[in-house]
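Visitor: Could you take one helix and look at it closely with me, then follow its surroundings to a few charged side chains? I'm new to this, so please explain the terms as you go.

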Amino acid sequence: MDPCLYFAYGSNMCTRRLQARAPSAFARMRAFLRKRSMRFHKRGLDGSGKCTIHPGERDEDLVWGVVFEIDPAHRARLDNVEGLGSQYHAERIVVHTDYGAEEAFTYVAASGVIDSSLRPFHWYKQLVVMGAREHGLPGEYIAMLQAVPTDADPNVVRAARARRLLKSAGGLD
C-alpha cells in the first residue's frame, strides 16, 4: 500500500508530536496553501483555540506547513486523535513546494466547532512555533505565529506534560 501524504499546519508540524500519533510520520518537505489563512479558532476539547485553515480572499493569503509521509496503517489512528467526523473533516488539497505541486490530505475544522473568540494555550502555540522552526518555515510566518495572543492553561497537569514535550524537543522558551 502506498504511503499517504499529510499536510500538517498546526501542532502536528512538530515531528515528535506527530510521531506520537502516527509513528511512521516522516517529514518530506515544507509547503504552503494559497488563498487560505490559518487561525487558532477551532474549539479544542480543552476549551482553547486550536489551529484550522480558513478560506482566504487574496493570492497572498498563505498557510505554511509540512508534508509528511504516513503509512496508511497509521492514518486511522491519526484520524481518531484529530476527531475526524466531529472535530475535523479530511480534505484533499494541492500544496505548493520547492519541487512543485503535491496532492495531500489535511484536516479542516468542522463548522460547528469554530469560535473566533478563542485563544490558544501558551504551550499549544509553542508547539506550532516549534514545528514551524523545525522545518524552516519563513521567518515572517513564524513571527506571525509568535504574535498570536495566548491564555494560560488552567489544567496544570496537562500544561506540565506539554512543557516536558517542548523541553525534550528543544522548543521551550
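Guide: I'll start with one helix, move to a helix that covers it, and finish with some charged side chains.

First, some ground rules. This is a predicted model, where local features need pLDDT of at least 70 and side-chain atom pairs count only at pLDDT 80 or more, while totals for chains, interfaces and linings use all residues. Residues are numbered from 1 along each chain as its sequence is written, and side-chain values use heavy atoms, with hydrogens and water left out.

Our starting point is helix 5, residues 156–168. Helices here are DSSP runs of H or I with at least four residues, strands are runs of E with at least two, and the numbering goes from the N terminus. Helix 5 has 13 residues and reaches 18 Å from its first C-alpha to its last, close to the 18 Å expected. That expected span is 1.5 Å times one less than the number of residues.

Now, which way does helix 5 face? Its buried residues are R158, A159, A162 and L166. Buried means under 20% relative accessible area, exposed means over 50%, and partly exposed is in between, using a 1.4 Å probe and protein chains only. Look down the axis of helix 5 and those buried residues fall within an arc of 95°, so they line one face of the helix. The arc is taken from the directions from the helix axis to the C-beta atoms. Here's the background: an α-helix has 3.6 residues a turn, so residues three or four places apart point the same way. The face turned away from the buried side of helix 5 carries the exposed residues V156, V157, R164 and K167.

The two ends have details too. At the start of helix 5, a side-chain oxygen of N155 comes within 3.1 Å of the backbone nitrogen of V157. Just after helix 5, G170 takes a positive phi of about 75°.

What sits over the buried side? The cover on the buried residues of helix 5 includes helix 3 (122–134). At 1.5 Å a residue, the 13 residues of helix 3 should span 18 Å, and the end C-alpha atoms are indeed 18 Å apart. Ten of the 13 residues of helix 3 are buried, so helix 3 is largely enclosed by the rest of the structure. Among them are W123, K125 and M130. Its buried residues are covered by parts that include helix 1, strand 3, strand 4 (49–55), helix 4 (139–146) and helix 5. After helix 3 comes G136, with a positive phi near 65°.

Two of those covering parts bring us to charged side chains. Strand 3 (residues 36–43) holds K42. K42 is buried yet has no salt bridge, and the nearest side chain of opposite charge, E82, is 6.9 Å away. For charge, Lys and Arg count as positive and Asp and Glu as negative, while His and the chain ends are not counted. A salt bridge is a side-chain nitrogen of Lys or Arg within 4 Å of a carboxyl oxygen of Asp or Glu. What K42 does have is a polar contact of 2.6 Å from its side chain to that of Q87. A polar contact is a pair of N or O atoms within 3.5 Å; within protein, one must be able to donate a hydrogen and the other to accept it, and residues adjacent in sequence count only if both atoms are side-chain atoms.

Helix 1 (residues 15–21) holds R21, which is buried at 16% relative accessible area. Side-chain polar contacts join R21 to N12 at 3.0 Å and to E82 at 2.9 Å. Leaving out residues up to four places away in sequence, R21 touches N12, R77, L78, V81 and E82, where contact means heavy atoms within 4.5 Å.

How many salt bridges are there? The count comes to 13. One of them joins E102 and R28 at 3.9 Å, N to O. This pair links distant parts of the chain: E102 in strand 7 (residues 100–109) and R28 in strand 2 (residues 26–34), 74 residues apart. E102 is partly exposed at 23%, and R28 is partly exposed at 36%. R28, E69 and E102 are linked in a network of salt bridges.
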